[in-house]
Amino acid sequence: MTIYLIRHCEAEGNITRRAHGHFDGKPTPNGLRQCQALAKRFDGIHLDAVYASHLTRANVTASYLAAPRGLNVIIDPRFAEIGLGVWEDRSWGEVARDYPQEWDLFSKEPWNFSIESGESYRQVADRFMAGLREMAATYNHSEVIALVSHSLALRCAVGRILDVPFEQPDGLSHCDNTGVTTINVSEDGALNIEKYACNTHLGELSTQAKLKRPLLDSHEINRAWAALRFDRAVDDMDTAIKLWHEVDCAVHRVGGLCPIETIHEELTTKPSYIARTAENEPIGIVVINLDKSAAENGAHISVLGVTEAQRGRSVGVQLIGQAMSVARKHGRSKLTLSVTQSNEHALALYRKMGFIVAYEFEQHGYQKYRMELML
Ligand SMILES: CC(C)(COP(=O)(O)OP(=O)(O)OC[C@H]1O[C@@H](n2cnc3c(N)ncnc32)[C@H](O)[C@@H]1OP(=O)(O)O)[C@@H](O)C(=O)NCCC(=O)NCCS
C-alpha cells in the first residue's frame, strides 16, 4: 500500500505570519494555484481514497485530488494541525513577545512545549499515528491513499515513523505547502518513508522559496520575514500620526496632509494598530473602520501604510492579516477598501491576499477600485 502524505496548500496564516493551528484560515490565491499544480502532479496516478483533516486549507487541497476521481474527501480530525490554544490567530511576533518561555520551547525544545488550551507535540503524534495505523489496516496491500494534513502534524508523524528521536522533530525540515511525502506500507504493516516533502511540482509557486529562508534554519527567520507585533496606535499617538502622514504623502491626498485633530479622532474611535519589529521599530499602520461597510457586514481598511524603507518585505501582508483578525473578532464576514487604480504595489498586494474588485468609482479626479475580501 502507498500513502501520500501531503501538506495543505498555502493558507492565509502562512503569509500573514499568524499562529494558525486549529484556527480555520482560508487558502490564498497562490495556494489554489498550488492545488492545481498538485493535481497535475497526480495526473495518471490511481487513488483509492483521499483523506484530510477537518480544516478548510486541508480539505480544499484534498478536493483537487478527490473530485477528478469521483471520490469524496474523507474527513478525519486526527490529522489536524497542532492546537495552539491561546496563541491561535495571534501574530508570531506577538506570541514571541508575550510568551517568551513557551516560545523558546516551541522553537527549540518542542517535546517540552505546552500552551494553555493547546496540544503537545506528543499528543499530536499519538492521534495522527492512530489514524494512520487504522488506515493501514483498513485498505489492502495494492491500494493507494492520499492524506492531506499540516506542517507540524506531518513532522510529528514522520518523526515517529523514521524513529528520529522524538526530542528532535526539528531535525526534519519544514515541508513546503502541497509538498508530498511517500510512504510505503509493507504487508506486515511496517511504514517506510520513500520520499520526504517533495515539492518539485511547485516551481515559482513555492511558498518556501518566497519565504527566502533555507528550509532548515527555522529559528533564524530572515529579517524580511520576521513576524511583527501590533500595538494599539492610540498608545503611541505621535508615532501613529507620523506613520499616517507618511501614507498621506505616498498616496497623494487632495488638500494635503490629514489634520492632526482628525487623525486623533480617528485613532481614538477606530481599531488602529502600529506594526513593530521585534526591536520595537514602528514600520507600519492600519486603521479599521467598523462603520463604513457595516451594512454589508464588513469592516473597511481606511488607512494602510508601511515606512518607505520597509516596503516589499511582507509588512503590508501582515498588516492586512491584523485587519482580518480584528474584523472577524467583530463578527464581520468581509474586509473592504478603496485604492487608486494607479497604485500598482497596493493593488498587487490586495490581489495576492485574494481581494477582488467590487466596483470602480471616481473620487477627487482619481479613478479608484472598491475591493473586498470574504473572510
Ligand atoms: C502598498 C503597501 C502598503 C504595501 O506594503 P508592503 O509591505 O510594501 O507590501 P508587501 O511586502 O507585504 O507585499 C506583498 C505583495 O505586494 C506586492 N508588492 C509590494 N511591493 C511591491 C513592489 N515594490 N513591487 C512589486 N510588487 C510589490 C507584491 O505582490 C508582494 O507580494 P510578493 O512579495 O509575493 O511579490 C506599501 O507599499 C505602502 O505603504 N505604500 C504607500 C501607501 C499606500 O499606497 N497605501 C495603500 C493605500 S490603498
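Domain bounds are those of an automatic or database domain assignment, and for this chain the assignment gives domain 1 (2-223) and domain 2 (229-374). The structure is a predicted model, in which local features need pLDDT of at least 70 and side-chain atom pairs count only at pLDDT 80 or more, whereas totals for chains, interfaces and linings use all residues. Residues are numbered from 1 along each chain as its sequence is written.

The C-alpha centres of domain 1 and domain 2 lie 32 Å apart. The contact between them, where two residues count as touching if their C-beta atoms, placed from the backbone, lie within 7 Å, takes 13 residues from domain 1 and 10 residues from domain 2. On the domain 1 side, helix H1 (12-16) and helix H4 (92-98) each supply at least two residues, helices being DSSP runs of H or I with at least four residues, numbered, like strands (E, at least two), from the N terminus. The largest share of that side, four residues, comes from H4.

The largest nonpolar core, a set of buried Ala, Val, Leu, Ile, Met, Phe, Trp, Tyr and Cys residues joined through C-beta atoms within 7 Å, has 93 residues. Here a residue is buried if 20 or more other C-beta atoms, placed from the backbone, lie within 10 Å of its own. H11 gives the most to this core, with seven residues, and because domain 1 and domain 2 both contribute residues, the core lies between them. Ala-323, among the residues with the most contacts inside the core, touches Val-286, Ile-288, Ile-301 and Leu-335, not counting residues up to four places away in sequence.

Notes
A residue is buried if 20 or more other C-beta atoms lie within 10 Å of its own, exposed if 12 or fewer, and partly exposed in between; C-beta atoms are placed from the backbone.
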